[in-house]
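Morning, everyone. I'll take you quickly through a new structure. Have a look at it first.

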Amino acid sequence: MTTYKARELLGMDIDEIANLGVNTLTIEFEDGVSVKTTIRKTLYSRFFWQIHQNYDKLPVYSRHFVEHVLSKDGGVLNSGTHISLLAIISKDVIELYKLQDPKSKELLYTLIYQVTNNIYNEINKYIDSSVVTIDILDFLNLSFNAEVLAANTGLKPTPKNIERIHKKILEIISNSDPSNNIVKAIKAKMVNANQVTQCLSIRGYPSEVDGKVLSTPIMSNFTLGLNKLYDLVTESRSAAKSLYFSEAPLEDAEYFARRLQLMAMYVEHLDPVDCGSNDYIKWFIRPPEFNDLNEQVYAGDLKFMKGKWYLNETTNTLKSIEGNEKHLENTTILMRSVLTCKHPDKHTVCAVCFGKLSENINAYANLGHICAATMTRQTSQSVLSNKHYQGSSISTDLHLGEQLSRVFTISKSKTSLLLNSKLKSMLPKLIVTKDSALGLIDALSDDNTDDINPAYVSNIESLGVSLEINGIVITDEYNMLQSNRKCMLAKELIIYIREHKWGLDSSGGFIFDLVDWDYNDDLLIYPKKEYSFSDHSKQVAKIIETGVNDIIKRDDPESPAYTLKELFKLVNSKLNVNISLLEVIIYAVTTPREPGNQDLSRNYTDTILGVSDKVIKGRSLSNLYAYENQSNVIVTPEAFIPDNRPDSVYDIFCLPGEVLSMTERRKS
Ligand SMILES: [Zn+2]
């Protein structure tokens with residue numbers, strides 16, 4: 001076998017290597033490792049060594065060869081291989097050439113871009129003989145695989161079990177006949193594995209456009225065909241859902257993204273210095289959460305806090321979070337935060353307050369824009385994913401917060417609430433407004449118990465519970481929404497009310513005395529609905545933007561830090577967004593507590609969370625012109641009154657002269 005030194009191959013161009021006339025070769029790398037390999041892997045890797053040609057002091061290590069990445073990744077080239085290899089090489093370049101300053105990384109970024117582009121454009125010249133296709137025989141071969149057949153029928157098809165069956169099927173397929181082209185495609189991540197389960201497992205539970213889960217699953221799949229009328233009719237809802245989600249919900253998500261970028265882009269720069277702030281945010285680190293079956297439902301705060309600096313109180317030094325600090329779970333740390341950064345320029349955040357993620361931010365990027373776009377890319381994508389893939393639907397479990405669990409408990413079925421039996425001695429009463437139980441009088445005037453449909457009786461967003469504690473009656477209002485689902489009076493409760501009657505309060509609301517209530521019965525039920533990413537995106541928007549009605553709550557000086565916690569919890573319950581990015585977003589919408597002043601909050605002593613509509617209108621007019629209703633802006637007198645509007649990078653297009661003179665002033 002021919003042996004080549006790695007540097008020798010670096011001296012040849014790609015065509016020369018392709019024409020060497022050998023299929024296998026041994027490469028001696030500059031870390032002393034020799035690798036026996038194929039010409040194809042050599043060709044692929046040689047594209048990456050363009051970086052070594054430009055950084056010629058960098059040795060060609062064996063870890064810069066594709067074999068190194070493949071050995072850790074199942075041996076198959078996949079859609080992430082080039083990124084892993086580029087990451088290893090770039091890390092070595094940064095360490096060897098000490099490219100810590102963001103501006104010094106520009107050449108490296110250019111090379112990364114060029115390498116990726118060259119592979120995409122040129123590698124197809126060399127891979128003709130490796131192209132394969134998938135046909136129906138590949139599908140049938142796996143469909144009738146004994147293990148696949150056994151897995152499909154092994155568990156009773158409940159929504160949760162179908163999820164497990166799909167997982168099992170993927171596991172079986174990944175380990176089956178490697179010459180099957182579907183198996184190859186899955187391993188190379190060229191097809192969406194979830195779509196494969198729809199062809200080889202059970203299609204599962206279909207759902208309606210509004211997310212209501214239908215109660216009978218489709219037991220066939222797209223290889224065996226949908227041959228029953230029920231299957232065809234219910235599967236047609238998937239098409240209706242795809243159409244729906246590609247319109248209004250996606251538009252809403254994207255328009256929110258635009259508003260957020262316009263607000264966040266005032267945070268312009270990341271300065272690679274330490275502002276030295278000793279104003280910390282107290283952060284309680286939530287551990288991972290599991291459900292009854294020991295399946296993880298939340299990965300824990302640390303996963304989303306990598307790179308944040310916190311104060312090690314024993315040594316009084318800063319330490320960064322790596323993501324695996326088990327000892328920090330359930331403790332409160334003092335965290336450096338963008339919200340309390342002391343950098344003299346309010347448009348700039350220092351690298352220490354931002355966290356180690358600052359190393360990933362390009363020197364010329366607009367920090368606020370990156371942070372907003374990184375988050376909303378995920379919210380939009382999750383809404384859009386409905387258009388491409390609809391798996392077996394599964395209803396979301398109920399979760400009671402601290403407040404609700406004082407009065408309710410969750411039933412075994414996880415879709416209804418029981419009255420907490422601890423309340424027995426407190427003579428509980430339930431208070432429901434007239435508007436949320438419009439069908440109740442009709443349901444009560446009927447004697448028949450069989451045709452009570454709770455969905456037609458009530459639809460409750462919030463209700464009151466009154467309790468007698470030490471002779472004093474206390475009534476509290478509870479928000480009953482669960483992932484945007486409203487609750488309903490359970491059938492058992494409606495029958496109970498028929499027998500025990502009801503009272504009315506001063507505003508005509510119903511009062512149900514529960515003194516004879518059977519605490520084992522369902523009190524309130526929820527419709528079975530799958531999780532909606534469109535609702536999630538709306539909730540995220542609501543936390544950041546909130547309309548004028550909630551201004552009073554946003555007026556609390558603690559609100560920026562509090563809102564950060566709320567946003568972090570909501571976003572990362574479903575997505576994966578690092579806390580640093582959320583901090584920048586919250587900082588961008590925080591304003592001083594001065595009427596009419598929508599400046600960035602840095603250097604003001606008293607700050608509150610701004611209301612987005614006012615923030616957009618109260619900052620740079622250029623951004624406002626880039627937003628909407630330009631004619632209104634032009635005819636509003638306030639638009640022409642000079643005040644403390646913070647400037648924006650977009651101003652250069654509207655007021656080039658002023659911007660240039662302002663830039664000079666900022667420097668001095
Ligand atoms: Zn700082």
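Let's start with two cysteines. Cys 350 is buried, and Cys 353 is buried too. Keep in mind that this is a predicted model.

Which residues coordinate the zinc ion? Both of those cysteines do, together with Cys 275 and Cys 341. Each one binds through its SG atom, at 2.2 to 2.3 Å. Now the geometry. The four donor atoms subtend angles of 103 to 118° around the zinc ion, so the arrangement is tetrahedral. Along the chain, the donor spacing reads C-x65-C-x8-C-x2-C.

Next, the sheet. It is open and has five strands, with antiparallel pairing. The order is E16-E15-E14-E19-E18. Which strands stand at the edges? They are E16, residues 472-479, and E18, residues 503-504. Each has a single partner strand, so one side of each is left without a neighbour in the sheet.

Look at one pair within that sheet. Strand E14 covers residues 429-432, and strand E15 covers residues 462-469. Three bridges join them, in the antiparallel sense. Pick out Ile 431: its bridge partner in E15 is Gly 464.

Last, the packing. The largest nonpolar core has 62 residues. Those with the most contacts inside that core are Trp 283, Ile 333, Phe 354, Met 375 and Ile 544. Which helix gives the largest share of this core? Helix H23, residues 579-588, with eight residues. Another core lies apart from that one. This other core has 36 residues, including Tyr 4, Leu 58, Leu 108 and Ile 119.

That's the tour. Thanks.

Note on methods: Residues numbered from 1 in each chain as written. Predicted model: local features only at pLDDT ≥ 70, side-chain atom pairs only at ≥ 80, totals over all residues. Heavy atoms only, no water. Donors = N, O, S within 2.8 Å, 3.2 Å for Na, K, Ca; no water. Tetrahedral: all angles 85-135°; square planar, octahedral: opposite > 155°, others 65-115°. Buried < 20%, exposed > 50% of the residue type's maximum accessible area, 1.4 Å probe, protein only. Pairing = 2+ DSSP bridges. Helix = DSSP H or I, 4+ residues; strand = E, 2+ residues; numbered from the N terminus. Core = buried A, V, L, I, M, F, W, Y, C linked by side-chain atoms within 4.5 Å.
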